[in-house]
Amino acid sequence: MGIVVNESVQPNQPDKSKRKWIYAKKPSGKLYNYRQVVGYGLLLFFFLGPILKINGNPFLMFNVIERKFSIFGNIFYPQDFHIFLFGMLIVMVCIVLFTAVYGRVWCGWTCPQTIFMELIFRRIEYLIEGDWMQQKKLNEGPDTDAKAWKKVLKHTIFLLISFIISNLFLAYIIGADALYKIATDPIDQHIVGFISILVFTLVFYFVFAYVRDIVCTKICPYGRLQGVLLDENSVTVAYNVARGEPRGKQKRGVQDDKKGDCIDCHLCVHVCPTGIDIRDGIQLECVSCTACIDACDAVMEKINKPKRLIGFYSPAEAEGKETEKLGKKRNTRAIIYSGILVVLMAIFGFMIFSRSDVDGRLLRAKGSTYQMRDDGTVSNLYSLELINKTSKDIDFDLVSETEGIKIQVVNPISHLIREGNAKLSIFLIADKKSIKQYKTDVKIDIKAGDKVIETMETTFIAPPAK
């Protein structure tokens, strides 16, 4: 069952006909501190991902141009498409299951758009222009030299950070080494790369300086999926209507049984980066950043009321419905869904780290059949292609694992350069007298020293001995 969301325009929400600029109050609180730890940790991971190397390969690289990917230092090629496909399946399952159980936590805590916006660009804005009211007065006030200098300084820093982000983004695509060459070689040698960096810089600057919350509220398709992914058991940031209503001003230490705990201070609205009023129910624009929870908790402390008037609730809990049965159902589902995700990720990790260093493709030569030789043997001709998936050269040997089958290499190649490939033509040879059936399963090992790095299977065709 999908959740009906409230999309009405709120006092601090952009109007559909004319955008109303959102000035978000500087957040603070326990959850915000946790979010900073998570966010800056992910930023560190983002900055180090394309730079760190494992066995000479980038820790992370997604080179769609050359169809070459590096994950945790393991190079992947189109031949590893099944692993990539499984990874995409995990992403889709995560989107559906994780959101169904935990709501839009990804958006508020781990989404790059939110992390860059809230933990870098908006913090710079607070530092230069002040908190939300000071920013509003500055923008609506007269043009002065002080205002001009603040704007120039802010947007210069925004452009510089956007330039750094664009370089890192490009490093994920082409690799840090290729990016270094673009930066150090003359511009005329890398015109396309230079233009790409410039375009990415302007795009990131435009997004973080002007588009901002519109990415979350209008552009991102994930937010629009919330209405069908959430149900009455999904946990998300919500206002406890049963406890908070009816709203009204209260005096400290004075208990008014006719009023709820909400004193209608609007702090939850002021700190919201998308400008919504969380008290109006679950809305598509909510990114679950928890800023409203911290703001409300601070107020509840001041008036000696329990915290979590705004907290992590299911829609049923927020409306004060019977929650014991729903809570058990929610917890059971959370355990099952989380278990499925853990199993999928474990399988994905096994596929990554158990993948062989060399990929081989052994095919029967086109238009060929078995050949009877004068020495009393039968041969089949095959073409063999080997791809080195590592960043080091490999010396290899071909060894038949099937008794009675010998290998004769037409073009003797026994060396694979790093990230290179080799094409060989080989004969599989067997004594005519030892042939017992028309098709014989054959296994061939690719060995580097004493280690078997890949095993290939094929069939050997010859008439059985009479």
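1. Start at the beginning of the chain, and go carefully there: residues 1-11 have pLDDT under 50. The model still gives this stretch 31 contacts beyond four places in sequence. Keep in mind that the whole thing is a predicted model, so I'd read those contacts with the low pLDDT in view.

2. The overall numbers for the protein chain are these: the mean pLDDT is 85, and 92% of the residues reach 70 or more.

3. Next, have a look at the surface around helix 8, which covers residues 191-211. There is a nonpolar patch here of about 770 Å². Its members are Leu159, Ile187, Ile191, Phe194, Ile195, Leu198, Val199, Leu202 and Val203. Which helix gives the most to the patch? That would be helix 8, with seven residues.

4. One of the patch residues to click on is Ile191, which sits in helix 8. Its relative accessible area is 41%. Ile191 is therefore called partly exposed, because that value lies between the 20% and 50% cut-offs.

5. Now move along to Lys439, in strand 16 (residues 439-448). Is Lys439 buried or exposed? Lys439 counts as exposed, because its relative accessibility is 51% and the cut-off is over 50%.

6. Staying with Lys439, what does it touch once residues up to four places away in sequence are left out? The answer is Phe460 and Ile461. For a sense of distance, try Gly367: it lies 72 residues from Lys439 along the chain, and the C-alpha atoms of the two are separated by 17 Å.

Technical notes. Residues numbered from 1 in each chain as written. Predicted model: local features only at pLDDT ≥ 70, side-chain atom pairs only at ≥ 80, totals over all residues. Heavy atoms only, no water. pLDDT = per-residue confidence, 0-100. Contact = heavy atoms within 4.5 Å. Patch = residues over 30% accessible without salt bridge, like charges linked within 9 Å, V, L, I, M, F, W, Y side chains within 5 Å. Areas by Shrake-Rupley, 256 points an atom, 1.4 Å probe, with all protein chains shown as cover. Salt bridge = Lys/Arg side-chain N within 4 Å of Asp/Glu carboxyl O. Helix = DSSP H or I, 4+ residues; strand = E, 2+ residues; numbered from the N terminus. Buried < 20%, exposed > 50% of the residue type's maximum accessible area, 1.4 Å probe, protein only.
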